[in-house]
Each structure stands twice: as structure tokens, then as C-alpha cells.
Amino acid sequence: MTRIEELIRAKIPGPESGIVVRHTMCDICTPGPQCGIDAYIKDGKVIKIEGTKGFPSNDGKLCTKGAANRQYIYREDRIKTPMRRTGPRGSGKFEPISWEEAYREIAERLNRLKADYGPESVAFVCGYSKWFRPFLQRLAFSFGSPNYMTESSACYRATVVSSKCLFGVPVIGDLRNTKLFIAWGSNPFINMYPLGRGLLNFKEHGGKVVVIDPRNTQSAQKLADIYLRPKIGTDGALAHAMARVIIENGWSDGPFIEKYVHGFEAYRDYVMQFDLKTAETITGIPAGDIYRVAELFAKTDPSVISPSNAITHRTNGCNNHRAILSLMAITGRFDRPGTCYPDYQTYCHSDGGFQSLEEEFVDQVRPRTDKKGVGLERFPLWADMVDEAQGMHLATQILSGRPYPIRGMLGMGVNTRMYPNSRRFVEALDQLEFFAADDIFWTEACRHADIVLPASTSFERSEVKCYAGRFINYTKPVIEPVHDNRPDTDIICGLANALDLEDELLCSGYDNCLQYIMSPSGIEDWEAFRAHDGPIPVPNAAPYQIGSMLASGQVPTPTGRIELYSEAVARYPHLNPLPVYQDSDDNADPKCYPFVMCSGARLPNAVHTRVHPCSWPRSLRPDVSVDVHPQDAERLEIDQGDIVELSTPVAAIQVRANVTGLTSPGELHMYHGYEEANVNDLLDAGHLDPYTGFPGYKQFRCALHKAGGEKA
Ligand SMILES: Nc1nc2c(c(=O)[nH]1)N[C@H]1C(S)=C(S)[C@@H](COP(=O)(O)OP(=O)(O)OC[C@H]3O[C@@H](n4cnc5c(=O)[nH]c(N)nc54)[C@H](O)[C@@H]3O)O[C@H]1N2
Ligand SMILES: Nc1nc2c(c(=O)[nH]1)N[C@H]1C(S)=C(S)[C@@H](COP(=O)(O)OP(=O)(O)OC[C@H]3O[C@@H](n4cnc5c(=O)[nH]c(N)nc54)[C@H](O)[C@@H]3O)O[C@H]1N2
Ligand SMILES: [Mo]
């Protein structure tokens with residue numbers, strides 16, 4: 001082997017090997033980390049990746065999913081060119097067309113629907129991706145439709161609704177300055193590894209951690225000084241029992257309540273029914289442990305509870321989440337270092353420490369229409385607190401035509417498997433007169449679309465991204481498009497032009513829009529910023545100063561105080577202004593469906609549907625499987641790896657059994673997003689939280705039996 005061959009084989013960059021290293025970022029997971037990547041390029045192909053040393057979020061590291069980026073961008077099932085459907089919906093028969101043809105046809109069809117049925121008849125829908133969202137919302141609004149909706153109809157925004165009920169703003173826990181961190185329904189080693197690392201460091205410096213999770217997770221085992229294991233979905237009762245202990249012992253913060261809190265008396269009277277014995281029966285947690293954690297929380301100052309998104313994935317989810325946050329309110333754990341404080345986001349769900357013009361960008365073209373967005377009549381609290389339609393109602397509105405018909409849709413990264421009763425969602429797509437889908441990969445949504453557009457990955461596009469450490473980054477493509485694909489923002493701006501929208505800014509392209517949105521950042525030399533390789537500090541960083549909200553006396557709730565009794569909720573007679581506890585199970589008969597299924601607890605090797613088809617991460621857990629407790633497995637004569645059937649009144653699927661003590665008897669856990677067996681097929685489309693519209697992914701009744709055997 002020659003020296004050059006050796007260099008190439010060892011992937012050593014340099015002029016001799018012809019390998020160059022370029023910087024990009026991972027767009028496989030949540031917008032928080034989006035880790036920096038060093039891409040090693042040879043002859044226009046990515047041959048190796050590593051985490052970028054010194055990058056704000058990952059400092060050289062990559063997780064299991066991030067390390068699979070090379071497989072991800074070269075997945076075989078990428079859409080290679082724009083396509084037009086030639087066979088029946090779902091048949092997979094398509095013909096290639098040019099980008100110009102695709103834009104023209106989409107524009108003609110959507111404009112015709114607008115003329116025939118009104119602009120609200122077209123929905124603009126986006127999946128998990130965040131990076132192009134303000135652009136899609138602006139496209140919808142400029143078109144005249146209020147129907148912009150996203151995966152946030154099932155993700156994170158319910159925690160925002162909950163915390164707005166109490167504090168008027170979303171909140172974030174201050175790990176840096178606290179002494180006790182309660183990870184309530186959170187497994188950070190798996191679902192947010194920078195937080196997991198932060199908590200290890202916190203413990204090394206004497207911090208205490210409580211983990212509250214029905215599954216005995218890695219985080220419970222490695223981080224918890226105290227681990228509480230509630231029955232699924234009983235967190236509201238647990239929180240209320242802790243509140244009662246705190247109030248009865250005089251550990252609540254009287255002066256704080258007096259000065260800042262609304263509705264304490266009504267709340268106190270309500271929580272008094274949750275004595276320790278009652279709570280032990282509901283939650284399965286020994287009374288003494290509940291008392292111990294309540295005391296530790298109240299007496300350790302400062303302390304913080306960080307309730308997760310998982311708490312909200314059930315029909316009583318918003319109230320359970322509010323019940324947990326109420327503990328922060330009665331102990332004065334708000335807007336002080338080491339507690340929780342307002343969380344302002346700069347751009348695309350990330351905090352860059354400055355106020356961008358993202359809201360203005362969208363607001364200035366808001367359509368003047370009396371037509372309410374999809375789901376907003378059904379979920380009025382959501383409508384008041386989130387500037388998006390509630391997409392969990394989309395299929396219902398398409399199928400019923402009420403209160404007005406939805407006839408067309410532009411879907412960008414829409415995954416049908418995300419929707420409860422996914423089969424019904426696909427049936428709804430088939431009712432549309434016109435549906436255009438834009439995605440990186442061929443998905444079921446694409447197979448049911450009229451026009452399909454190929455989108456670029458983060459390796460093939462430029463994008464601006466903010467980081468919590470007050471950094472901002474403008475990435476550049478590290479390779480040419482692998483196929484004839486384009487960035488989503490180019491597609492949106494291209495469609496704005498083809499649709500003939502009177503929207504000069506959007507029609508002028510991504511970079512001009514960005515300059516407008518980012519103008520408060522203080523970046524003066526935009527060209528230099530665009531050319532810069534890697535993140536730069538934000539010149540005008542003015543992050544939130546903890547304490548300033550209370551100091552200003554402006555808690556943005558209806559009463560101007562922190563509301564244990566929510567006046568925002570009190571407007572709606574079918575909702576309860578107090579964070580009442582109720583069971584979140586669905587209506588399925590417990591005799592026929594004896595198990596409680598909690599789906600979607602994060603796996604280390606998966607992000608929704610994204611890397612299931614990539615062999616490296618998939619090899620770590622190749623089978624689609626359901627976690628079953630050993631006692632249940634023994635009773636039902638199920639062995640590790642057996643094929644079992646899971647069924648609900650809606651559907652049945654077959655998966656393998658994973659017999660594990662991670663779960664409790666009577667409870668099942670399984671991950672979502674698999675093509676072979678989609679757990680969301682089992683869910684009733686109506687099993688939604690009336691406060692937020694969020695699906696009960698993490699609590700519904702289910703039967704389990706060995707495939708071919710007797711029902712459980
Ligand atoms: N049972 C159950 N279901 C759940 C959950 C659960 O806990 N349990 N969790 C819910 C939550 S919190 C979330 S966030 C959702 C996840 O929401 P989904 O939207 O289901 O997430 P993904 O499958 O990651 O991505 C959706 C699509 O976006 C495409 N895509 C990826 N990147 C891009 C891009 O840059 N541009 C375009 N145009 N497309 C792109 C992908 O190929 C994919 O088809 O799932 C929800 N579903
Ligand atoms: N590896 C990986 N990381 C991810 C994702 C991914 O798909 N893969 N998705 C990202 C996204 S979109 C989101 S929204 C976040 C979600 O972030 P989280 O909501 O924090 O993540 P989950 O793993 O769904 O749930 C966390 C823990 O809550 C527990 N839990 C479930 N039900 C209950 C309950 O009733 N009570 C209590 N106390 N605990 C409960 C689960 O057992 C789990 O261990 O994760 C993000 N991070
Ligand atoms: Mo999510």
C-alpha cells in the first residue's frame with residue numbers, strides 16, 4: 001500500500017489524501033443540543049464524522065444517533081427528485097418532474113382551492129423539524145390560511161400551556177445554582193445527554209437528585225439519591241400529597257404566597273383530600289417516601305423540580321404538570337437563582353440570549369379571517385396560549401368537513417405514524433383533493449401525496465441556529481446535494497413566488513428573511529457572519545436576568561399573580577381552574593384490556609422514525625419490542641423474544657417481548673415510530689387531553705397475549 005493509500009485508509013485529512021474537514025451540525029434530534037460535527041469529505045462524499053471540539057453543545061462528543069449521520073444522509077430511501085403521482089394514492093407509482101413543474105402544479109392546485117373554498121381550506125403542516133418553521137407559518141399566513149400546525153401539537157407545548165396557566169410564561173429550571181434537582185418523569189442520560197452530563201457534574205459538587213419515574217431507568221439508578229416509582233400517570237396525586245405535607249407542616253412560603261400568588265385558599269382546600277394513605281394507594285409509593293421527598297424539597301433551598309414533556313402525554317397531563325409546578329409556587333421557587341425562571345426563546349425553539357423578530361416576522365402577515373384554525377374551538381385553552389392550530393384534530397376535521405372543509409395540504413416532514421390512530425390519519429389524507437409532501441425520505445405520507453419534493457439534510461444546506469450559551473451559528477453546506485434535493489426554506493420561498501403571494505420579504509429568499517429576523521442580535525457585518533466557520537458570540541446578548549419579572553411586578557397572567565387557581569382556565573366551564581387529579585386511562589374495559597401502555601419513553605438509539613432504518617443505531621436494539629415485567633411474562637408464559645400481540649379496541653400489532661424489571665407489573669412500555677409495528681395504530685384518535693389536545697400516548701389500556709395464544 002502506498003503512503004497516500006495509507007493516509008486515505010486512515011482518513012487523515014490533508015493535501016496528500018485529498019480529505020478535507022468541514023463543519024456542520026446534527027439535525028437528527030431536538031433543537032437544544034444540535035451538536036457540531038466535523039465532516040471528513042473525500043471526492044465530495046462524507047467518509048467520516050466526529051463531534052466538533054469546543055462546540056457549545058457537545059464539545060467533541062456525539063451520541064449514538066448523531067454518530068449515524070453518515071448512514072442517515074446516504075439512506076437508500078431518500079427522495080431523489082420531485083415526483084408526481086401517477087397511480088392510486090398509496091400505490092407508490094410516481095413519475096419524476098422538474099422543480100419548476102412541481103412548484104407550478106402545487107401553486108395552481110392550492111390557488112384553485114383558495115378560490116373555490118377559501119384559503120382556510122388549505123393546511124400547512126410540519127413534523128418534528130424546527131428549522132424552517134417560521135417560514136412555513138409565514139407562507140400559510142401570507143396565503144391567507146390560519147391553518148399552520150406542527151408536531152408541537154403533541155410535543156413540549158403542553159408544558160408551555162401548563163406553565164403559562166401558573167406563571168404566564170414558559171419556565172426553565174436553574175440547575176447551575178440549585179442544591180436539589182427533582183427530575184420528574186425525565187431520563188436525561190437517554191433523552192437529553194447534555195443535561196445528564198450536567199447532573200453528574202452537579203452531584204460531584206454535592207448536589208442532590210430525586211428521580212420520579214415509573215421505570216427504573218439508567219438515570220434513576222445512576223443519579224438518584226431518592227428514587228420514587230409512581231404508577232403511570234399518578235403524578236398529580238403525588239404532587240398534591242406533597243403539597244399537603246408542605247402546607248400542614250408550615251413549610252410553604254407564606255410571605256411569597258401573600259405577595260405573589262392567586263388562589264391559594266381554593267388550592268389548599270382541594271389538596272387536603274390527598275392525605276398520605278390516599279396518595280400511597282393511588283401512586284403505589286410508600287407514604288413515608290412521599291413525606292421524605294416533600295420535606296427534602298421544601299427544606300432544601302434553593303431546589304427545583306423539572307417536570308418533563310412525558311407528564312403531559314395523557315388526558316390529565318396538563319393538570320398533572322400544573323400540579324407539579326404548583327409545588328414551586330407555594331414554596332416561592334420562582335424567579336430566584338436555583339429555582340425556575342422565565343424561558344424566552346429566540347428563534348426556532350432555541351434560546352440565543354436575545355429577542356429576535358421571529359414573532360413579528362409571522363405576525364405582520366397574519367390573515368384577517370373569522371375562520372378559526374383547526375381544533376381551536378375544541379381546545380380553547382390551547383388556542384389562547386399557542387399560536388398554532390391543534391393538529392391532533394386535523395384528521396377529524398378533514399373527515400367530517402366541520403366546521404369547514406379542509407381540502408388541501410402542504411406537509412413538510414409529516415410522519416403519519418406520529419398521529420394517534422395513524423390509519424385514520426392516512427384515510428383522512430386520502431380525502432384531500434390535493435396533498436403535496438416534502439421530506440428527506442420516502443414516507444407513508446409521501447406515498448399518499450400528489451406531488452413529492454426532496455428536502456436537503458443539514459449537511460447539504462445553510463441554516464442559522466442559536467445556542468443557549470448566547471452563540472449563533474450560520475452553517476454552510478459541506479457537500480453538494482446528494483440528489484436533486486433542496487433546503488426546505490428554498491422550497492418555501494420558491495412556493496411563495498409560484499403562488500404569486502404579495503409577500504416581498506418571503507419571496508426574496510431565506511437569507512433576507514434571516515437578516516430581518518436576526519436584526520436585534522447586533523450582528524453588523526452579515527456577510528462576515530455568513531462566511532464565518534462556526535458559532536460566534538451574540539453581540540447584543542441580553543439574556544433574562546433572574547428576578548426581573550417579580551421585581552417588575554408583571555407576572556403576565558390575568559390577575560398579574562402566579563395562579564394556582566387559573567383564571568385563564570376558568571373562562572371555560574368544561575375545564576377546571578384548579579389542577580385537579582383524575583385518572584388518565586381511556587374508556588377501554590379493564591377486564592379485556594388489563595395492561596396500561598406507556599409508549600414512547602426515549603431509547604438511546606432512536607429519534608422517532610429517523611434512524612430506525614439505519615443499521616448502526618438499529619443494531620443496538622434490532623427488534624420492535626414491548627417491555628413486560630417478569631411476573632406478567634411468567635403468568636402469560638411469555639419468554640424473552642417471543643412474539644406477542646398487543647391489542648386495543650382500535651387495532652392490534654405484533655412485536656417481540658422484552659422481559660425486564662425496568663417496568664412494573666401491569667405496565668407495558670414500547671417505543672414508537674416503527675414501520676413494522678406502529679404503537680400509535682393502537683390509540684384512539686379521540687384520547688386527547690381536553691386542556692391541550694395532547695394525545696394519551698403514555699397512558700392507554702391494552703391487552704397482551706402470546707401470539708397465537710390466549711388473551712391476557
Ligand atoms: N407513541 C408515541 N408517539 C409519539 C411520542 C411518544 O412519546 N409516544 N412522542 C411524540 C413527540 S414528543 C414528538 S416530537 C413526535 C415526533 O414527531 P415526528 O414528526 O413523527 O418525528 P420524526 O419521525 O422524527 O420526523 C418526521 C418526518 O420529518 C422528516 N424530516 C427530517 N428532517 C427533515 C427536514 O429537515 N426537512 C423535512 N422536510 N423533513 C424532515 C423525517 O424524514 C420524518 O418523515 O412524535 C410524537 N409521537
Ligand atoms: N434518544 C432520544 N432522545 C430524545 C428523543 C428521542 O426520540 N430519542 N426525543 C426528543 C423529544 S422530541 C422530546 S419531546 C423529549 C422528551 O423528553 P421526555 O419527556 O423527558 O422523555 P421520555 O423518555 O418520553 O420520558 C421521560 C421519562 O418519563 C417517564 N414517564 C412516562 N410516563 C410517566 C408518568 O406518568 N410519570 C412519571 N413520573 N414519569 C413518566 C418515562 O418512563 C421516561 O423514563 O426527548 C427528546 N430526546
Ligand atoms: Mo417531542
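A nitrogen atom of ligand 1 sits 3.3 Å from a side-chain N or O atom of Ser129. This is a polar contact (a pair of N or O atoms within 3.5 Å). The model is predicted: local features need pLDDT of at least 70, side-chain atom pairs count only at pLDDT 80 or more, and totals for chains, interfaces and linings use all residues. Residues are numbered from 1 along each chain as its sequence is written, and ligands are numbered from 1 in the order in which they are written.

The table lists polar contacts of both ligands.

| Ligand atom | Protein partner | Distance |
|---|---|---|
| ligand 1, nitrogen | Ser599, side chain | 2.8 Å |
| ligand 1, nitrogen | Tyr697, side chain | 3.3 Å |
| ligand 2, nitrogen | Ile190, backbone | 3.1 Å |
| ligand 2, nitrogen | Arg314, side chain | 3.1 Å |
| ligand 2, oxygen | Tyr671, side chain | 2.7 Å |

Taken alone, ligand 2 exposes 910 Å², and the protein buries 96% of that. Areas come from the Shrake-Rupley method with a 1.4 Å probe.

How many residues surround ligand 1? There are 34, and Asn415, Asp439, Thr609, Arg610 and Asn680 are the closest. A residue counts here if one of its heavy atoms lies within 4 Å. The shell of ligand 1 holds twelve nonpolar, 13 polar and nine charged residues. Around ligand 2 there are 32 residues, with Asn191, Asp213, Asp235, Ala606 and Tyr671 the closest.

Away from the ligands, consider the packing. The largest nonpolar core (buried nonpolar residues joined through side-chain atoms within 4.5 Å) has 73 residues. Buried means under 20% relative accessible area with a 1.4 Å probe, protein chains only. Leu394 and Leu646 have the most contacts inside this core.

Definitions and conventions: Heavy atoms only, no water. Polar contact = N/O pair within 3.5 Å; in protein donor to acceptor, adjacent residues only side chain to side chain. Nonpolar A, V, L, I, M, F, W, Y, C, P; charged D, E, K, R; others polar. Buried < 20%, exposed > 50% of the residue type's maximum accessible area, 1.4 Å probe, protein only.
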